[in-house]
Amino acid sequence: MADSNDVPMLDGHEEMSRLPISEDEAKILKLYDRIQELRLEIAIINAQKSHRPGEPPSFTAEETEKAQSELMESRAQYILRNEVTEAVMTANPILRAVHNGPEAALIERELLPYIEHRDDTSISVATQAADTNKVLSVLTNVQSNTLRKSRENVTLAAEMLELVEQVKLKKRVPPNSKMMQEQEELEADVKASKQRWRVMKGVASGIIVGSGIDWVHDDELQDVVLDPEEEE
């Protein structure tokens, strides 16, 4: 049976997330939170008292717009006041903890590991956000290149089909030396167009595969990478 005096073990992350404060300090923080709640409740009660639900609204459009503007301004001032108050209350303890001056109290010295942990977390979040933006930028470039290559492929395919039709038309006419030469030139043009088609498809496939995006589950990108050539 476990001893009643045993203290449960906490991992490093859980210990780091809990600031060792005294009971009096915890009570002060709870009272501060309660004061903020009471201020908000008082403001809501005052607003409810000034509102008369039985009377029809007689505000003009300008008065309504002015009231909305005042509401937004009051809300901004309320948020700003709370943020300034919290910043003022936390500035001196943080400075004393960082500089570790002789006037720093014990609780202020114990803040330093938590401040460093907060800064490391902020740096990690900023790095991850930057990496995410880079990935999105690469993805955007890949999609743009894919669309451009697709349009070029459509143009080349149209040219190739036109050349094939011309070759078929030439085959219906009785051959002579000049027509044979023209047919050979057309066949050479068709072959060159097919070669350009293969090159463009290879470039587009390389861009998509090299980007690292999940092209396997995207039908359009999968067609660009794996679409087999159709031989005549």
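# Salt bridges, helices and confidence

Trainee: How many salt bridges are there by the distance rule?
Mentor: Apply the rule: a side-chain nitrogen of Lys or Arg within 4 Å of a carboxyl oxygen of Asp or Glu. By that rule, the salt bridges come to four.

Trainee: What should I know about the model behind these values?
Mentor: Residues are numbered from 1 along each chain as its sequence is written, and side-chain values use heavy atoms, with hydrogens and water left out. Local features need pLDDT of at least 70, side-chain atom pairs count only at pLDDT 80 or more, and totals for chains, interfaces and linings use all residues, since this is a predicted model.

Trainee: What is the mean pLDDT of the protein chain?
Mentor: pLDDT is the predictor's confidence in each residue, on a scale from 0 to 100. In the protein chain, 78% of residues reach 70 or more. The mean is 75.

Trainee: Which helix has the lowest confidence?
Mentor: Helices here are DSSP runs of H or I with at least four residues, strands are runs of E with at least two, and both are numbered from the N terminus. Confidence is highest in H5, at a mean of 84. The lowest mean is 48, in residues 12-17, helix H1.

Trainee: How many contacts does the stretch of residues 1-16 have beyond near neighbours in sequence?
Mentor: Contact means heavy atoms within 4.5 Å. The pLDDT is below 50 over residues 1-16. Beyond near neighbours in sequence, the model gives this stretch a contact count of seven.

Trainee: How many helices and strands does the protein chain hold?
Mentor: From the N terminus on, the elements run α-α-α-α-α-α-α. That gives seven helices and, for strands, zero.

Trainee: What share of the residues is buried?
Mentor: Buried means under 20% relative accessible area, exposed means over 50%, and partly exposed lies in between (1.4 Å probe, protein chains only). The protein chain has 232 residues. The buried share is 15%.

Trainee: Which residue forms a salt bridge with arginine 34?
Mentor: Look three residues along helix H2 (residues 23-50), about one helical turn away. Arginine 34 is partly exposed at 38%, and its partner is partly exposed at 42%. The N to O distance is 3.1 Å, and the partner is glutamate 37.

Trainee: Is lysine 149 buried or exposed?
Mentor: Lysine 149 sits in helix H5 (residues 112-172). Leaving aside neighbours within four places in sequence, lysine 149 touches Met200, Val203, Ala204 and Ile207. Its relative accessibility is 13%, so lysine 149 counts as buried.

Trainee: How far apart are the closest N and O atoms of lysine 149 and glutamate 152?
Mentor: The two are three residues apart in helix H5, so about one helical turn separates them. Glutamate 152 is partly exposed at 28% relative accessibility. They form a salt bridge, with the closest N and O atoms apart by 3.9 Å.

Trainee: Which residues are joined into one network by salt bridges that share partners?
Mentor: Return to the arginine 34 and glutamate 37 pair, whose side chains meet in a salt bridge. Shared partners make one network of Arg34, Glu37 and Glu41.

Trainee: Which residue pairs with aspartate 119 in a salt bridge?
Mentor: Aspartate 119 is partly exposed, at 34%. Its partner is partly exposed too, at 43%. The closest N and O atoms are 3.2 Å apart, and the partner is arginine 118.

Trainee: Which residues make the nonpolar surface patch of about 280 Å²?
Mentor: Patches take residues with over 30% relative accessible area and no salt bridge, joining like charges within 9 Å and nonpolar side chains (Val, Leu, Ile, Met, Phe, Trp, Tyr) within 5 Å. One patch member lies in helix H3 (residues 61-99) and is partly exposed at 43%. The patch residues are Leu80, Val88 and Val84.

Trainee: What part of the accessible surface belongs to carbon and sulfur atoms?
Mentor: Areas come from the Shrake-Rupley method with a 1.4 Å probe, and for residues only the protein chains shown count as cover. The protein chain's accessible surface is about 18,800 Å². Carbon and sulfur atoms hold 58%.

Trainee: What distance separates the C-alpha atoms of valine 154 and tryptophan 197?
Mentor: Valine 154 belongs to helix H5. At 57% relative accessibility, valine 154 counts as exposed. The two residues are 43 apart along the chain, and their C-alpha atoms are separated by 9.5 Å.
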